[in-house]
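Please open the model in your viewer and keep the sequence panel beside it. This tour tells you what to select at each stop, and then says what is there.

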Amino acid sequence: MKIAIVEDDINMRKSLEISMSDYDEYTIKTFKNAKDALKGLDDSYDLVITDINMPGIDGIEFVKQLDGKFDVIIMTGNATLSRAIDSIHLGVKDFLLKPFDIDTLLDAIKRESVVQKVIASAPKKAKKTLKDDFLGSSKALQKSLNIANKAAKTDASVLLLGQSGVGKEVFANHIHKNSLRVKKPFIAINMAAIPENLIESELFGFEKGAFTDATQDKAGQFELANGGTLFLDEIGEMPYGVQAKLLRALQEKEVRRLGSAKAIKIDIRVISATNANLNEKIKNQEFREDLYYRLNTIPLSIPPLNERKDEILEIANAMIEQNCKKYDFELKSLSQEAKAELLSYSWPGNIRELISVIERSVILSDTQEIQLEELYLENRK
Ligand SMILES: Nc1ncnc2c1ncn2[C@@H]1O[C@H](COP(=O)(O)OP(=O)(O)OP(=O)(O)O)[C@@H](O)[C@H]1O
Ligand SMILES: [Mg+2]
């Protein structure tokens, strides 16, 4: 197994190099910063272990730039909640709290290696997405679902609010699938994932020659979504300048490609989502109040998982069943202690975190009954 370790602290780096050199089964390469690692990493690596607090590109930004290409374990001295949530959002597999001894690190690496092997051995069925089957049936969720179902039948703009991983995208899909637009496209665009200077051309398209790289005409997402639903994810990250253009497009129901004078009629329903506090952003003049009102015809808050505790075990059991099928295991169950832990843990990463914790514990548990320790939640607290 070839492992990259990214750590700015020279003592920590050297001590990891020395202690890991005793193990022939691991080839270790250390990097003193994320920039070097980004240059040096290639397909030959199986795992990346990175510090979070580093000068230059920090660990979270680094993981973002890896873009899911590697499995990542994070080691951190002071895990703040928001960074833990960011790492879960980015699909980080494990956390190590500094200081840790080498056995803790080895255990984490071994777990990762087992998980990778099991995942690789699973039959390559089309990956089942949960996008349109809702799990969970708490009262709190039911309330949001009722609003969503009513909104679905209309063309009103819906603004989905809620913490990372609560299911905003799942709701957006659900609304589209239950609307009259279901046969038309559902197009999602994530403001946080597109470089700021490209958002406008992505949304509205461009004519050949509109800017240096515009070698041919291109339709924007607005046009592509015509007749259907446009999902504007992480709307709070939309650059202020583009917000005015978005508002105009929504009000006039037409768009102009960059570099073109021709208006194109569009008929779309807009769903937007954010986990940011838009009122705060409006106060700081980062978000336009007029756009906020245009997007927020129907505000829909999705409660965090820790306010939906009554569905934790239901989702966990459904995920256990699904994963046991996927990996061809006999059906597993949760021990009483494991259940109690799932119910008392705070789930900062919400359903996304629950799903990933369950998948790992299904893979890693030694017996048919998943034990408390096999949830590996203790480093997250
Ligand atoms: N009710 C649900 N039933 C089943 N799976 C769910 C449910 N809610 C969310 N999920 C799953 O949880 C994960 C996170 O959901 P989703 O991407 O919709 O969250 P989000 O609110 O958009 O998060 P973020 O703000 O981080 O983008 C996805 O894998 C999704 O399929
Ligand atoms: Mg989302």
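The stops below go from a central strand to bends in the backbone, then to charged pairs and aromatic rings.

Before you start, note that this is a predicted model, in which local features need pLDDT of at least 70 and side-chain atom pairs count only at pLDDT 80 or more, while totals for chains, interfaces and linings use all residues. Residues are numbered from 1 along each chain as its sequence is written, chains are lettered from A and ligands numbered from 1 in the order in which they are written, and side-chain values use heavy atoms, with hydrogens and water left out.

**Stop 1: strand S13**

Select residues 269-274, which form strand S13; helices (H or I, at least four residues) and strands (E, at least two) are DSSP runs, numbered from the N terminus. Is this strand enclosed or open? Six of its six residues are buried, so S13 is largely enclosed by the rest of the structure. Here buried means under 20% relative accessible area, exposed means over 50%, and partly exposed lies in between, using a 1.4 Å probe and protein chains only.

In a regular strand the side chains alternate between the two faces of the sheet. Show the side chains of S13, and you will find Arg269, Ile271 and Ala273 pointing one way and Val270, Ser272 and Thr274 pointing the other way, with all of them buried.

Now add residues 158-161, strand S6, which runs parallel to S13 and is joined to it by four bridges; two strands pair if DSSP finds at least two bridges between them. Leu161 has Thr274 as its bridge partner in S13. Then add residues 229-233, strand S10, which is also parallel to S13 and joined to it by four bridges. Here Phe231 has Ile271 as its bridge partner in S13.

**Stop 2: unusual backbone angles**

Most residues other than glycine have a negative phi, and most peptide bonds are trans. Select Glu234, in the loop between S10 and H10, where phi is positive at about 50 degrees although the residue is not a glycine. Glu234 is buried, with a relative accessible area of 19%.

Next select Lys253, in the loop between H10 and strand S11 (254-256), where phi is near 55 degrees, again a positive value in a residue other than glycine. Lys253 counts as partly exposed, at 49% relative accessibility.

Finally, select Lys98 and Pro99, whose connecting peptide bond is cis, with omega near -5 degrees. Pro99 lies in the loop between S5 and helix H5 (102-121).

**Stop 3: salt bridges**

How many salt bridges are there? The count comes to 22, where a salt bridge is a side-chain nitrogen of Lys or Arg within 4 Å of a carboxyl oxygen of Asp or Glu.

Select Lys245 and Glu200, which form a salt bridge whose closest N and O atoms are 2.5 Å apart. This pair links distant parts of the chain, with Lys245 in helix H10 (residues 240-252) and Glu200 in helix H8 (residues 199-204), 45 residues apart. Lys245 is partly exposed, with a relative accessible area of 34%.

Move to Asp71 and Lys93, whose side chains meet in a salt bridge with an N to O distance of 3.9 Å. Asp71 lies in the loop between helix H3 (59-66) and strand S4 (72-76), and Lys93 in the loop between helix H4 (81-89) and strand S5 (94-97), so the pair ties together parts that are 22 residues apart in sequence. Then select Asp94, Arg111, Glu112 and Arg360 together, since these residues are linked in a network of salt bridges.

**Stop 4: aromatic rings**

A search of the whole structure finds six aromatic pairs; rings of Phe, Tyr and Trp (its six-membered ring) pair if their centres lie within 6.5 Å, and planes under 30 degrees apart count as stacked, over 60 as edge-to-face and the rest as tilted. One of the pairs is Phe206 with Phe211, whose ring centres are 4.9 Å apart and whose planes are at 70 degrees, so the pair is edge-to-face. Phe206 counts as buried at 11% relative accessibility, whereas Phe211 is partly exposed at 30%.

Last, select Lys2 and Tyr45, where the charged end of Lys2 sits over the ring of Tyr45, 4.3 Å from its centre; a charge sits over a ring if NZ of Lys or CZ of Arg is within 6 Å of the ring centre and within 35 degrees of the ring normal.
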